[in-house]
Amino acid sequence: MTTFATNSNSAARRAITVLGAGHIGFAMALLLQQSGDYDILVADRDPARLAEVATLGISTRLTTDDVSLQAAIDGRFAVLNALPFHRAVPVATLCASAGVHYFDLTEDVASTQAIRTLAANARSVLMPQCGLAPGFIGIVGNDLARRFDTLHSLRMRVGALPRYPQGALRYNLTWSTEGLINEYCNPCEAIVDGVRTTVPALEGLETFALDGVEYEAFNTSGGLGTLTETLEGKARQVDYQSIRYPGHNAILKLLLNDLRLRDRRDLLKDILETAIPTTDQDVIVVFATASGLKGGRLVQDSYSARILGTEVAWHRLSAIQLTTAAGICTALDLVAQGRLPQQGFVGQEAVALGDFLANRFGSAYARQGELVH
């Protein structure tokens with residue numbers, strides 16, 4: 001069973017609101033509760049989800065309109081947003097107005113850009129993209145990039161996969177279907193030949209083996225966060241791809257391109273949620289590789305991790321619940337401890353990999369990851 005120790009140097013318990021009581025919101029509340037350092041309120045519009053959270057002994061609030069949402073935000077130290085991506089900008093706007101720190105998990109590039117603009121005059125921290133990808137993978141990528149005198153390429157790969165794949169897609173739903181569709185349909189940021197650009201989703205197909213398991217990977221949107229901005233002019237090639245089991249990409253192209261379901265996303269969402277079961281028997285695969293010059297020599301450094309779910313306080317968390325919740329809780333912890341800026345936009349590159357892995361929440365990654373020189 002995984003535990004998250006109380007920080008003996010912490011100040012009085014800080015008031016936190018978690019927006020969204022779904023699988024990820026539940027995991028965030030559970031991890032924060034186990035730390036003992038936060039006074040937690042979980043808000044959602046679904047009474048059934050709130051009832052499940054209430055069994056943990058955590059305070060809940062029903063939020064059905066902007067007035068009740070504002071009441072759940074006002075006076076809090078921070079808000080952790082686990083709502084769908086289209087709620088990111090409205091909630092961030094309310095937090096900025098109230099002077100409350102804001103964290104989210106969005107993979108949506110346009111939402112992140114809007115939040116960055118909003119943060120220019122904010123009195124509090126606005127820190128989107130704090131999950132796995134975007135989130136942790138950007139921290140890993142930035143750490144690898146900084147190890148080189150001249151960075152040639154940085155390639156980042158992440159997959160949330162079923163441990164026991166079935167069917168032609170060899171895939172199960174483990175997180176937001178809307179977010180998944182965004183990744184498969186939206187343009188993908190990259191650096192190509194030293195120039196910041198976008199590349200099409202589903203392209204760039206490659207195959208590789210890791211620890212004896214065969215995978216494929218292809219371009220998907222949103223995983224890089226703001227890393228292309230940070231590394232523009234400093235690298236020849238930077239890209240992000242999602243990892244799947246072989247055969248997944250070809251079926252997606254049939255659905256999205258040949259059947260044109262990329263233009264009917266509501267129908268695609270209904271098909272996926274009707275036909276593909278969810279699972280909590282999943283595994284997170286992280287694989288990042290950088291190459292370039294160190295001391296005049298051409299070298300390569302890599303980071304890999306294979307992360308499984310765990311039990312926290314007798315509650316089973318899937319791998320995607322654990323890694324996503326650990327990412328955003330670590331970001332909160334580092335701001336609360338004064339280890340990150342205290343206002344304005346904060347990108348994932350501001351987080352040192354060592355600080356992340358040493359954190360009580362981030363240690364969920366440290367136990368199962370490896371940096372290879």
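Visitor: Which strand do two bridges join to β5, and in which sense do they run?

Guide: Strand β6 (residues 125-127) is joined to β5 by two bridges, and the strands run parallel. Strands are DSSP runs of E with at least two residues, and helices are runs of H or I with at least four, numbered from the N terminus. Two strands pair if DSSP finds at least two bridges between them. This is a predicted model, in which local features need pLDDT of at least 70, side-chain atom pairs count only at pLDDT 80 or more, and totals for chains, interfaces and linings use all residues. Residues are numbered from 1 along each chain as its sequence is written, and side-chain values use heavy atoms, leaving out hydrogens and water.

Visitor: Which residue stands opposite Phe103?

Guide: Met127 in β6 does. On β4 (residues 78-81), which pairs with β5 in the parallel sense over four bridges, Asn81 stands opposite Asp104.

Visitor: Which way do the side chains of β5 point?

Guide: In a regular strand the side chains alternate between the two faces of the sheet. In β5 (residues 101-104), His101 and Phe103 point one way, Tyr102 and Asp104 the other, and all are buried, meaning under 20% relative accessible area (exposed is over 50%, partly exposed in between; 1.4 Å probe, protein chains only).

Visitor: How many disulfides are there?

Guide: A disulfide is a covalent bond between the sulfur atoms of two cysteines. Here the test is a pair of cysteine sulfur atoms within 2.5 Å, and the count comes to zero. Cys95 is in no disulfide, as the nearest cysteine sulfur, that of Cys130, is 12 Å away.
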